[in-house]
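User: Hello! I am new to this structure and would love a close look at one part of it, with enough background to find my way.

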Amino acid sequence: MRALVFDKSLSFQPRHPEPAAAGGDSLVRVRQAGVCSTDLEIVKGYMGFTGVLGHEFVGEVVSSPDKDLIGQRVCGEINVVCGRCDLCLSGLSSHCRNRSVLGILNHDGAFAEFLRLPAINLHVLPKTVDDDAAVFVEPLAAAFQVLKQVQIDARKWVTVLGDGRLGLLVAQVLRDAGCPVRVIGKHPEKLALCEKWQIRARPLADIVPRHDQDVVVDCTGSAAGLEMAIQMVRPRGTVVLKSTVATGKAMNLAPVVIDEINIVGSRCGPFREAIRALAEKRVDVTSLIHRRMKLEQGVEAMQLAERPGVLKVIVTMES
Ligand SMILES: [Zn+2]
């Protein structure tokens, strides 16, 4: 099959082996998949992954032990878990000790004609969520995870730091939850998008950190973002860290102790809530699509997604 493969370098492979069958897996013919910052980090060495990249997808089920799934249009949860380890048994299966992760850890991903996932990972999509919206289910679920981890209400001062792909989803989710969120970013056209969504937006250059925010969600994807967040949050406030930055940069953590700051790491989130928000058009994702490119141009698609200011690049599997 055709696939975009990372093995020391990134390349389009016209005849990559199809994913091997495993018990309980469903075979999915991928329609399209979104490029995520995690994919860009992997190419720089994050996770030490080799194989087919990509984990934000929509596709059709070709074969499955669950006959009701065959022919259905689906997206899929990316953590493939054992169900037997202590973390799985205590309800923390997204942290399974034996997990593989689609396109990120020991499991070939979605930038290919076919992928395999356990039937239990798949979510059938309603007609009201089209293919373009569907590739945002996974990152939008990650945005909803913030609400699972931090209590947010209209009285709180909340800042989303970063106006990139994930920051703009997190900001919309928080606004939808009734929180008067503010976005701080570097790109005028993205801050204008926030204004369109009735979300307050400020250029980073105008900000003087004052240790006055109840919650700061760092979606910058940079080590400098966390340092800025720590300067913005109030004593005993919370910094939610959404960035996975593959860096070894040393940083000063003394303010975390002095101001007794809670730092909360945040990763994957609830798919059902993301699908419902998209179906009810409570979140605008189509404004985030920068360009569609074919799988054959996957290397160029990744380069494009890396450029500052570029939002979602979608890779389509049509030949
Ligand atoms: Zn497990």
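User: How many helices and strands does the secondary structure of the protein chain come to? After that, please take me to helix α9 and tell me which of its residues are buried.

Analyst: Happy to help! Please keep in mind that this is a predicted model. The protein chain has ten helices and 18 strands. Its radius of gyration is 19 Å, which agrees with the value near 20 Å for a compact globule of 319 residues. Buried residues account for 44% of those 319 residues.

Now to helix α9, which spans residues 271-279. Its buried residues are Phe271, Ala274, Ile275, Ala277 and Leu278. They sit on the same side of α9, because the arc they cover around the axis is only 160 degrees. What do they pack against? The partners of the buried residues of α9 are β10 (122-124), α3 (131-134), α4 (137-149) and α5 (165-176). Just after α9 comes lysine 281, with a positive phi of about 55 degrees.

For the wider setting, the chain is divided into domain 1 (3-136 + 285-316) and domain 2 (140-265). Their centres, taken over C-alpha atoms, are 26 Å apart. Twelve residues from domain 1 and eight residues from domain 2 take part in the contact. On the domain 1 side, helix α1 (residues 37-43) gives the largest share, three residues. That side comprises four nonpolar, five polar and three charged residues.

Technical notes
Residues numbered from 1 in each chain as written. Predicted model: local features only at pLDDT ≥ 70, side-chain atom pairs only at ≥ 80, totals over all residues. Buried ≥ 20, exposed ≤ 12 C-beta atoms within 10 Å, placed from the backbone. Helix = DSSP H or I, 4+ residues; strand = E, 2+ residues; numbered from the N terminus. Arc of directions from axis to C-beta. Contact = placed C-beta atoms within 7 Å. Rg over C-alpha atoms; globule rule 2.2 N^0.38 Å. Domains from an automatic or database assignment. Nonpolar A, V, L, I, M, F, W, Y, C, P; charged D, E, K, R; others polar.
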